[in-house]
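Me: Got a minute to go through this one with me? I'd like to start with how exposure is counted.

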Amino acid sequence: MALSEQTYLVLLALADEPRHGYGVVQEVRTLSDDRVKLGAGTLYGILDRLVAAGQAEVSNEVVVEGRLRRYYRLTPGGRAVVEAHTAELAALARRARRVLARPAFGGV
Amino acid sequence: MSDTDQFDRSARFWLRAYPVRWRSVRGDELLGVLRDLAGPEATRLSLREGLGLLRSGWVTRWRDGPPLRTRLAYRLFDRRVPVAHREWVRDDIAGRWFLTRRMMRTLLIWAGIFVPWMASVDPHRLMPFAVIWVPALALGVVLDVAPPANDRVRTVAAAKHLLPRPGERAVPGGFTAGLAARIRISARTGTLLLVATLGFGAAIWVPATMLASSLPVPRTCPTSAACLSFGSQSWPEGLRLLTLGTALGVGVLAASVAAGRFARILPARPAQPSRLVVGHLGRQYAALLIVGPLLVWQARGETLPAQTAVIAPLGAVLTLVLLPGAVTAWRATRPGPADLALVDLWRVGLLGRVPQIDDPVTGVVRRPVATRPGRP
């Protein structure tokens with residue numbers, strides 16, 4: 001599955017501990033430095049796809065103040081995907097830094 | 001209503017974009033997230049969040065169902081879908097607009113056959129075909145919004161599409177044939193709708209009959225006395241009033257007989273253990289709103305100078321005969337408990353007989369799921 005930025009951020013949000021839907025939204029905001037604000041519809045579309053692909057699973061359900069909170073966690077497959085994508089981004093960032101460090105020729 | 005209730009109502013409205021099954025599993029969870037995102041002061045879901053749910057809900061609907069080819073085979077040719085998508089079919093059959101979708105399918109097939117042929121013969125003939133489309137679609141909507149009327153169609157569809165065929169493995173929680181309650185239209189809802197429909201019919205057809213320039217008259221054919229045909233003729237106003245007055249008189253007389261039967265038989269009616277009485281007024285009024293303008297348009301057409309009114313006088317006589325009986329039946333159901341069905345009133349009022357006890361019917365039910373007994 002090709003990873004969009006939003007999907008990658010959701011995977012990252014679930015990487016350190018299981019989180020419920022609202023917890024994922026907050027963590028994604030923190031990870032993206034307040035730039036990505038997931039709507040509930042978008043979040044559950046991503047979670048549905050991740051669960052169907054076997055990259056995330058339900059870990060627990062609790063009721064807090066009358067609200068059902070279902071916690072999600074990464075599966076080993078999901079963790080492998082997020083680690084591989086992080087490595088790709090890191091490699092890209094290294095290459096980008098090398099390119100930007102070269103002197104620019106032919107510019108005006 | 002508290003702010004939380006108001007918010008939940010607003011959110012659940014948008015959540016209807018998701019499939020029924022998805023909502024039954026995840027609806028409360030998503031509602032909790034929506035409340036958290038909106039904050040404690042919110043009384044309704046923001047339009048932006050609502051549109052996001054609408055988009056995601058429809059994407060989920062599409063992803064949740066069978067592939068396009070299977071979907072088209074089911075929609076257009078009523079083919080069974082593989083076991084993996086039976087739950088999707090169940091939702092479709094139980095869905096609010098099931099009969100409208102079926103009506104659209106029939107119209108599409110007809111259009112596929114007849115439109116190219118008509119266009120090749122005479123393009124002008126396409127217009128009447130288009131005129132058929134709108135009332136036919138309206139009929140589908142009406143059948144859908146008058147809920148119990150379509151129950152038989154849904155049961156037959158469920159038996160065809162959900163029951164396992166020989167060779168298919170029966171799974172726990174899957175579908176199987178079993179005994180189910182007989183669904184009947186609530187007497188209270190049914191009679192109220194009947195009074196509203198007949199009242200509406202009388203309100204448009206009686207004036208149309210009085211205003212029509214000519215009405216049909218029976219006459220014998222000049223060649224043979226055994227033949228009867230209809231011509232048109234201008235009726236005097238007195239004759240029109242006499243005809244309509246007679247119809248109303250017959251109706252009142254029949255209603256008084258029915259009222260006596262209701263008072264005598266209904267209090268001693270038998271219990272109905274295998275019956276489920278249903279009826280939703282809102283949807284049925286919606287049906288009237290859809291059909292009403294069509295009837296007004298048709299009645300107005302019959303009052304034009306060159307037209308012979310046919311439906312208006314027939315409708316006026318029919319509604320005036322039936323309306324008093326319908327009002328009487330409605331009054332009889334007012335104090336009645338919830339087990340009384342429209343069919344009971346028909347049997348009691350028209351035939352003077354005691355209501356029959358409904359037998360359970362063969363329907364589609366879920367196969368029980370075995371559960372492991374818990375430890376004390």
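Reply: Sure. A residue is buried if 20 or more other C-beta atoms (placed from the backbone) lie within 10 Å of its own, exposed if 12 or fewer, and partly exposed in between. A:Asp34 counts as exposed, because it has 9 C-beta neighbours inside 10 Å.

Me: And where's A:Asp34 sitting?
Reply: In the loop between H2 and H3 of chain A; helices are DSSP runs of H or I with at least four residues, strands are E runs of at least two, and both are numbered from the N terminus. Keep in mind that this is a predicted model, where local features need pLDDT of at least 70 and side-chain atom pairs count only at pLDDT 80 or more, while totals for chains, interfaces and linings use all residues. Residues are numbered from 1 along each chain as its sequence is written, and chains are lettered from A and ligands numbered from 1 in the order in which they are written.

Me: What's up with the phi of A:Asp34?
Reply: It's positive, near 70°, and the residue isn't a glycine. Most residues other than glycine have a negative phi. A:Asp33 also has a positive phi, near 60°, and lies in the loop between H2 and H3 of chain A. A:Asp33 is exposed because just 7 other C-beta atoms fall within 10 Å.

Me: OK, zooming out. What's the order of helices and strands in chain A?
Reply: Along the sequence the pattern reads α-α-α-β-β-α, so to speak four helices and two strands. Of its 108 residues, 31% count as buried.

Me: How do H1 and H2 of chain A pack?
Reply: H1(A), residues 5-13, meets H2(A) at an angle of about 110°, with the axes 9 Å apart. Axes are lines fitted to C-alpha atoms, for helices over the stretch in contact, and angles run from 0 to 180 degrees between N-to-C directions. H1(A) and H2(A) are therefore roughly perpendicular (65 to 115 degrees; under 35 is roughly parallel, over 145 roughly antiparallel, the rest oblique).

Me: Which residues make that contact?
Reply: From H1(A), A:Leu9, A:Val10, A:Leu12 and A:Ala13; from H2(A), A:Val24, A:Glu27, A:Val28 and A:Leu31. Contact here is C-beta atoms, placed from the backbone, within 7 Å. By class there are seven nonpolar residues, no polar and one charged. Ala, Val, Leu, Ile, Met, Phe, Trp, Tyr, Cys and Pro count as nonpolar, Asp, Glu, Lys and Arg as charged, and the others, Gly among them, as polar.

Me: Now the interface. How many residues of each chain are in contact?
Reply: 14 from chain A and 17 from chain B. On the chain A side, H2 (21-31), H3 (40-52) and strand E2 (67-74) each supply at least two residues. H3(A) gives the most, with six. The class split for that side of chain A is five nonpolar, five polar and four charged.

Me: How sure is the predictor about each chain?
Reply: Chain A averages a pLDDT of 91, with 96% of residues scoring at least 70; pLDDT is the predictor's confidence in each residue, from 0 to 100. Chain B averages 80, with 78% of residues at 70 or above. The model scores ipTM 0.87 and pTM 0.59.

Me: Over to chain B, then. Which residues of H13 are buried?
Reply: B:Leu342, B:Asp344, B:Leu345, B:Val348 and B:Gly349, in a helix that spans 342-351. They sit on the same side of H13(B), because they cover an arc of only 150° around the axis (the arc of the directions from the helix axis to the C-beta atoms).

Me: What covers them?
Reply: The cover includes strand E2 (182-185), H9 (187-211), H10 (237-265) and H12 (311-333) of chain B. After H13(B) comes B:Gly352, with a positive phi near 70°.

Me: And B:Pro360, where is that?
Reply: In the loop between H13 and strand E6 (361-366) of chain B. B:Pro360 counts as partly exposed because it has 13 C-beta neighbours inside 10 Å. Leaving out residues up to four places away in sequence, B:Pro360 touches B:Leu179, B:Ala180, B:Ala181, B:Arg182 and B:Ser274. Its C-alpha is 7.5 Å from that of B:Arg275, 85 residues apart along the chain.

Notes:
Two residues are in contact if their C-beta atoms, placed from the backbone, lie within 7 Å.
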